[in-house]
Each structure stands twice: as structure tokens, then as C-alpha cells.
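Biologist: Please take a close look at one part for me, the interface between the chains. Short sentences, please, and explain each term as you go.

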Amino acid sequence: MSRWLLRLAGLSYLLVILAAPVGLVFWKTFEHGFGPAWDAVTTPAAKHALYVTVLIAAIAVPANTIFGIVCAIAIVRRRFPGKGLVNALVDLPLALSPVVVGLAFLLLYGRNGWFGWLGDHGVQVVFALPGMVLVTIFVSLPFVVREVVPVLREIGTEQEQAAATLGASPFQTFRRVTLPAIRWAVAYGVVLTTARALGEFGAVSVISGHVVGKTETMTLHVEERFQSFDYVGAYAASVVLAMLAIATLAAMTLLKPKEETR
Amino acid sequence: MGLATAYLSLIVILPLAALVWKSAEAGRGGFWEAISNPQAVAALKLTLVVSALVCLVNAVMGTIVAWILVRDRFPGQALVNSVIDLPFALPTIVAGLTLLALYGPNGPVGVNVAFSRTAVLLTLLFVTLPFVIRTVQPVLLELDREMEEAAASLGAGPFQIFRRIVFPNLFPAILSGVALAFARAIGEFGAVVLISGNLPFKTEVAPVFIFGRIESGDAAGAAAVSVVILLISLAVLLAIGALRRWTTRHDRV
């Protein structure tokens, strides 16, 4: 009896909060058939927004992957002053409001900011792509580090030491011993980083200046279409993003067991 | 390692330092004036109260969902388990749009909560859904069933077993999930911005208030409230760290 009650409570909560709203957007998008939805996501503005989103992710994800691996190794294998601080700073993007992140970059690179002089030399950061890339790197920073750190702790240093004794250089040891051991954790972290990078809204909204056809990402495009009462356009662009999210979930579900049964 | 520190300084420390610097520019008086502006106070208050409610609901519903995912068996369980992460993977603006489609003015169920505080609560529940579930689930999986069986054989009822045995074991995990949800809730912007209507003194949350200040060119006012949010986020992170050390205090031999 109580088992059924719990099941009912849990599942209806998920239905009301999660499944019903997401399902409805799919239904609304294709309400009038596939054609209008397809037309809405193939307008020049929509295509450009998708291009900007993918471009930003294509820069932010590799940068954070390399940083994530290096930083995880530093946190687990090295002792250095300020390690506690590094550890805390890596987590900060998880807890900080994206709007605050956007504002911080706006103040640093804006006209009167410390790095405002970059603008005088023709390097436009705010209201342009570089700023959007920087905030995206900020918000998606923690994921690779957080996935790789526990795995590095668990595998220990014995194999690395053995490789070193047998004459392997540090880079060889990393490539032949460490990297294969952490690869699924890295892959999982990359999936999370990508999802976060593709979906960022608040921080890019602050820093981008919303120039349609120029600094508009897919998420900003959804908002812009919605505010212009083009609901089909907003829903269709949302469905594109939702399908990317579902692909992320599928990748997570596939990678999780690999990561755990390493 | 030098590379990692440099990267972290450039991406995280410098921008935040610029933010704190900006908020301090107007002096203590200016800072105080900016955060005691009635609209800012109302926004911060709403954010904190709704986030606290979000924590309560998540603590209860998150534990229930984690429970049915671990202890129950029903068809479609694997699917349910994987969609739990959807709010994490789904862009926040899309989350807001989906909730508005169902619970907005043209929703098919006849429930319209748009532009109300209920809408803010609902949206924050959506985006914070995974946290408690994902922190409680692994602990519940590892939990030794023998303790519960022993309690049952000594005559404890299901509720007593939960209260005296299961709950104390889950409590630290629930707390850290709740803390993560709280941090997420106070910072949420994208999901709230469409459905809440952003009515000052009524449905305007702190991040939306900050955004409004930026748009109207009041960078100092935006920076002051941002620093408050930043401090709350740091406090939550410290609390989670302390909690983690406290729960693993017996692991280190």
C-alpha cells in the first residue's frame, strides 16, 4: 500500500514538473505538421544562431577539457600553495548566477574596465564573440575536473611509478598509462561541458548585446522569437535544443556504466 | 600546473575581482544604498524565500523519487532514471518556455500561473529537480539493508524504520543536495525570465533585478547586488565542503 503511494507521489511529481511540460513543447512544435517547424529553424537568423552556438562550444569545450585534465592532475597529484583555493574556485561556476558571471566579464572587458584598452586596439570582447566564448568557458569550467578528480584518486600512482621506473618520460606515462585510465571520466565530463556550453543563456545574454544575425546564440534566439510573438519559431528552436539535451542524456546513460565499471 | 593556475586566474578570479572592485567604487555608503534600494531588497527577499521553499519541496520529493528509483521496481524505471537529468541538460530558456506552454495563459490544462510567485516556485523546482535525487540515490544504494531487517525483526514499523534508521543515514546526502539546489535556485535567470513577468516587488528575483540594472546602465547597482549573490554562493559552497568533510570524517584512517 505505502509502496504504491510512494510510487504514485514520486511519478506524478515528475509528470507535473518535468514530463508534461517538455512533452507539450514537442507536441506544440509539430501541431501544424513538420513543415512550419522546419521553416522556422531554417531561417537565416536561426541558422546563424545555431552556427554561433556550435562555434562557441567548439572553442569552450576543448579549452575546458585540456584545462580540466591538467587541473585534475594538479589537484590530485601535486602539492602546491593555494590548492584549497583552486579547489574552491573550480566549483564556483556551479553555484554562481550566470547573470553575475556576465556582469563580471562586462565590467572587466567593458569600456572602463581593466581590460577595456583591448577595445581601443581593435579587439572587441564585450558585445562580441570573444566575450561570449569567455563566459561560456566560465560556466562550463568545473565538469571535466569534477569527473576526473575521483578517478585519478582511485587509480593511485603505482602504475605511473612503474612506467617511470621503466624509463617512460612524463608525457609517455601520461599518454600510455594515465590517459587510458581516465578516458571515460574525461568523456563523461566532455558531455556535461558540451551540454552546459550549448545551453548557456544568462551569461551570454548579458555579454552579447543581442545583435540578431551576429551575436545571437540558439538560446538567445528562442527568447528573441518568443518576445516577437513568433511562438512557432520559439518552440521549433527549443525543440532543436531539447533534442541536443536528449542526445546528451543518451550519451550520459551510455557512458555512466563504462565509467563505473572501469 | 602553472597553466592551470593562469587559466583559472584569467577566467575566474580577474572577472570576479573586477566585479567586487566595481561594487566598492562607490564606497561603503554607495554600496549600502544600492543594496538597500527597496526594489533590490524585495528581489533578494523573494529569491531567498522561494529558494528556501524549493529546498523544502526538494528534500521531500527528491528523497521519495530517489527511494522509488532504488528500492522499487516498476516498468520504465530505467527511462525515468535517465530523464531525471533532463533539467540539467535542457537549456534554461527552453525550460522556462516549456513551463509557460503548459502552465501559462494558453495552457491546455486550464492552470495559469504566469506572472505569479507560484510560477517562480514551479520553475525553480524544475531546474533543481536532479540535485537531491542524485545525491541521495548512491547513498541509498550503498545502505546496508541488514540494519533495517534487524529493526523490523525487533518489531519496528515501516515509519519507525525510516525515521530511526534510513533517514539519519540519508540526512547528510539530503542536506548537500538541498545546498546545491539552493545555490542553483538563487542564481537562476533563464528559466524564470519568461514565466515570472519580472514584476518589481512581486515576481522579480535577484538575478532578473541585476539584469534590469545592467540594461538601464546602472553597473554599480548591479554589481552591489551581484556581490551579495556571490557571497551567498560562496557561503553555500563552503557549507557543502564542510558537510563533505564531516560525513567522510570516519573514512580517513
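Modeller: First, a term for helix pairs: angles under 35 degrees count as roughly parallel, over 145 as roughly antiparallel, 65 to 115 as roughly perpendicular and the rest as oblique. This is a predicted model, where local features need pLDDT of at least 70 and side-chain atom pairs count only at pLDDT 80 or more, while totals for chains, interfaces and linings use all residues. Residues are numbered from 1 along each chain as its sequence is written, and chains are lettered from A and ligands numbered from 1 in the order in which they are written.

Start with the whole interface. In chain B, 62 residues are in contact with 62 residues of chain A. (Contact means that the C-beta atoms, placed from the backbone, lie within 7 Å.) Helix α1 of chain B, residues 2-25, gives the largest share of chain B's side, 14 residues. (Helices, H or I with at least four residues, and strands, E with at least two, are DSSP runs numbered from the N terminus.) By type, chain B's side has 51 nonpolar residues, eight polar and three charged. (Nonpolar covers Ala, Val, Leu, Ile, Met, Phe, Trp, Tyr, Cys and Pro; charged covers Asp, Glu, Lys and Arg; the others, Gly among them, are polar.)

Now take one helix pair. Helix α4 of chain A, residues 83-95, packs against α1(B) at about 45°, and their axes are 11 Å apart. (Axes are lines fitted to C-alpha atoms, for helices over the stretch in contact, and angles run from 0 to 180 degrees between N-to-C directions.) Therefore α4(A) and α1(B) are oblique to each other. Their crossing is left-handed. (That means the near helix is turned anticlockwise from the far one by less than a right angle; clockwise would be right-handed.) On α4(A), the contact uses V86(A), L89(A) and L92(A); on α1(B), it uses T5(B), L8(B), V12(B) and I13(B). Six of these residues are nonpolar, one is polar and none is charged.

A second pair joins the chains elsewhere. Helix α5 of chain A, residues 98-109, meets helix α12 of chain B, residues 219-247. Their angle is about 130°, and their axes lie 10 Å apart. So α5(A) and α12(B) are oblique too. This crossing is left-handed. From α5(A) come V100(A), L103(A) and L107(A). They meet A219(B), A222(B), A223(B), S226(B), I229(B) and L230(B) of α12(B). Eight residues here are nonpolar, one is polar and none is charged.

Stay on α12 of chain B, which also holds V225(B). V225(B) counts as buried because 27 C-beta neighbours lie inside 10 Å. (Buried needs 20 or more other C-beta atoms within 10 Å, exposed 12 or fewer, partly exposed in between; C-beta atoms are placed from the backbone.) Leaving out residues up to four places away in sequence, V225(B) touches A34(B), I35(B), A40(B), A206(B), F209(B) and I210(B).

Step back to chain B as a whole. It has 12 helices and zero strands. Of its 253 residues, 47% are buried. Among its contacts with a separation of 6 or more, 77% link residues 24 or more positions apart. Its C-alpha atoms fill a box of roughly 65 × 55 × 35 Å, along the principal axes.

Last, confidence in chain A. The mean pLDDT of chain A is 90, and 98% of its residues reach 70 or more. (pLDDT is the predictor's confidence in each residue, from 0 to 100.) In chain A, confidence is lowest in helix α6, residues 117-120, at a mean of 82. It is highest in helix α7, residues 129-139, at 96.

Notes:
Contact = placed C-beta atoms within 7 Å.
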